[in-house]
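Hi everyone, thanks for making time this morning. I'd like to walk you through one model, so let me put it on the screen.

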There are 2 protein chains.
Amino acid sequence: MSVLQRNHLMIIQEVAREGSLTAAGARLNLTQPALSHAVRKIEMQLGVKIWRREGRSLILTQAGQWLLSLANRLLPQFSLAEERLEQFANGERGTLRIGMECHPCYQWLLNVVSPYLERWPKVDVDVRQKFQFGGIGAILSNEIDILVTPDPLYKPGLNFTPVFDYELVLVVGSGHRLYGVDRVTPEQLADETLITYPVPSERLDIYTQFLQPAGIAPRQQKQIETTDIMLVMVAHGRGVAALPRWLVDEYAPRFDLHSVRLGETGIAKQIFLGRRETDADVQYLTDFIGFAADPKD
Amino acid sequence: MSVLQRNHLMIIQEVAREGSLTAAGARLNLTQPALSHAVRKIEMQLGVKIWRREGRSLILTQAGQWLLSLANRLLPQFSLAEERLEQFANGERGTLRIGMECHPCYQWLLNVVSPYLERWPKVDVDVRQKFQFGGIGAILSNEIDILVTPDPLYKPGLNFTPVFDYELVLVVGSGHRLYGVDRVTPEQLADETLITYPVPSERLDIYTQFLQPAGIAPRQQKQIETTDIMLVMVAHGRGVAALPRWLVDEYAPRFDLHSVRLGETGIAKQIFLGRRETDADVQYLTDFIGFAADPKD
DNA sequence: TTATAATGATGAATATAAATGATATTTTTT
DNA sequence: AAAAAATATCATTTATATTCATCATTATAA
């Protein structure tokens, strides 16, 4: 079927470069008879004269010259491919597909990804946020490689690592009646407008861990995609929101915001990174978790 | 050394397309065990996981996907190369390098080359006119494939075919004193200005076969490269020239020229095409000589 | 020119790699 | 649970490459 092989191109190229079978053989780690046979067989199989023998030197025919230019074009691509494969093998190259099940973590993620990209110049990072069968489904079906989530679901084949703790607090703007207050009860939110990310309320801790146990619902709920806008809204008194304390602290100097503890003890949260156990030996993946657990900046 | 082979790419591509080893095997004319082995060996040699086994189907890993895109890029080039080689083998493709040792023949050559290019769409024609070691040297050293010459030099390894006969005549313009004359003697040219191509006089038949035998030299000699200009000069009475009769006939309607026989019997010439005997089986080359000997237009 | 060193060609022997058939194992379907 | 379909594995055969030893040819130097 297919007769033209990579070796053939290598032989054509090397013989042309060195001008002799013996020299070309040395470079290809072959003996001279091996090349002599190979050369004959190539011509036989391709059905074309590739070399003209003048004295004891081989000179390319037209077909041979054409093949040489082909070789010069294709062979570097093979070499490059092998380099790349080695990088894949060493876990130096790949795409790290991160799935996010934690909206405010986006901010935090950026701080981890930046130094990571420096460290792994050949690794690309891709962040995804929507999964048909949930984050766990996405990681099990190989849709993503790492899952950032506050809800580890211990399943065989999966592996979760806690990367940071934070407290979920209520954010209020400067003109708000709760501004300056230390802690808040569920009842105090009954008359508020609550701003949240656009996800079902059973995935929002402010509901599951604070309001619902007390049987309270806020007067109104607004859904906003991005954290920045959400905080601008809060700063201008259009509502209150539940966010990580570190996030509020980060924005406070710009927007004049205030954090209020939710209940007596506050709501403590933890973020986990999940990955497949089969990826245990993928360097760039393991290393990402290292970066996440212990940020370098 | 080099592990990534064309087969490997073919297997990766075919397995990805068919989704099963059995089906891919059928398309590659291999049995299923052969592929099963091959697949394992490829991964082993490359040192990278290329497929993930889910149930009994093989799914490409990142490295595998990368290899697949490589395969899609490189494999067509191999196929194309093999097509081209077949054309080389069948003598359908190549460059026909024609060497010219006969200035006025350029006109004639164009009439042969046009239909020839139609017939052999994949053959390129290249015409050369200057050779360091003469036309014979050029053809022997593979610098050209066909030599157009009035002087066949029978050498072992070379093969000459006469392609057309013509008479070398003297051309004069309408106001010239020889206009309308039937034949001319060498003595009658002693007072003329002779226009020739810029080559040594020993390569001009008007000298070697007409003037020198009679010990005559023209009053003046002018050298001009192109036939058109030469004839314009002749038409305007700036001199006379020795050219093939058919060439003069071709220009006569435009320039009002007259041909005069050189001597009693005229100078008969013949043009030959020379080629190497080793090229006897190169179809497109043999065919060119056919076209030249028996023009189709 | 002749001797000499270097190179290519050739054939038999060997080593390596690839493909096969039979069969076991796994996964999917019913 | 049984049947069907696919893959994996093994021993064997077949095909392909490589080498060694040797000869023939060609270039180089004496």
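Let's begin with chain A, which is divided into domain 1 (6–89), domain 2 (94–162 + 271–293) and domain 3 (164–269); these bounds come from an automatic or database domain assignment. The centres of domain 1 of chain A and domain 3 of chain A, taken over C-alpha atoms, are separated by 71 Å.

A word on conventions before we go on. This is a predicted model, where local features need pLDDT of at least 70, side-chain atom pairs count only at pLDDT 80 or more, and totals for chains, interfaces and linings use all residues. Residues are numbered from 1 along each chain as its sequence is written, chains are lettered from A and ligands numbered from 1 in the order in which they are written, and side-chain values use heavy atoms, with hydrogens and water left out.

Now, what does the UniProt record place at residues 1–61 of chain A? The unreviewed entry gives the feature "domain: HTH lysR-type" there; UniProt positions are in the numbering used here, feature names are shortened, and annotations may be inferred rather than shown by experiment. In the model, residues 1–61 of chain A are 59% helix and 13% strand, with the end C-alpha atoms 24 Å apart. Helices (H or I, at least four residues) and strands (E, at least two) are DSSP runs, numbered from the N terminus.

On to the DNA, starting with strand C. There are 18 residues around DNA strand C, and A:Leu21, A:Thr22, A:Arg53, B:Thr31 and B:Lys41 come nearest; a residue counts as near if one of its heavy atoms lies within 4 Å of the strand. Of the strand C atoms within 4 Å of the protein, 56% belong to sugar or phosphate and the rest to bases.

Let me show you some polar contacts, meaning pairs of N or O atoms within 3.5 Å; within protein, one must be able to donate a hydrogen and the other to accept it, and residues adjacent in sequence count only if both atoms are side-chain atoms. A polar backbone atom of A:Leu21 is 2.6 Å from a phosphate oxygen of DNA strand C. For the side chain of A:Thr22, an N or O atom is 2.4 Å from a phosphate oxygen of that strand, and for the side chain of B:Lys41 the distance is 2.7 Å. The elements giving two or more residues to this surface are α2 (21–28) and α3 (32–46) of chain A together with α3 (32–46) of chain B. Which of them gives the most? That is α3(A), with five residues.

Now for DNA strand D. Here 18 residues surround the strand, the closest being A:Thr31, A:Arg56, B:Leu21, B:Thr22 and B:Arg56. A polar side-chain atom of A:Thr31 lies 2.8 Å from a phosphate oxygen of DNA strand D, while the side chain of B:Thr22 has an N or O atom 2.2 Å from one. The largest share of the surface near DNA strand D, five residues, comes from α3(B).

Finally, how do the two chains relate? Chain A can be laid on chain B with an RMSD of 0.3 Å by a turn of 180° and a shift of 0.2 Å along the axis, superposing by least squares on the C-alpha atoms of residues with pLDDT of at least 70 in both. That is the relation of a two-fold axis. Of the residues of chain A, A:Arg6 comes closest to the rotation axis, at 3.1 Å (C-alpha).
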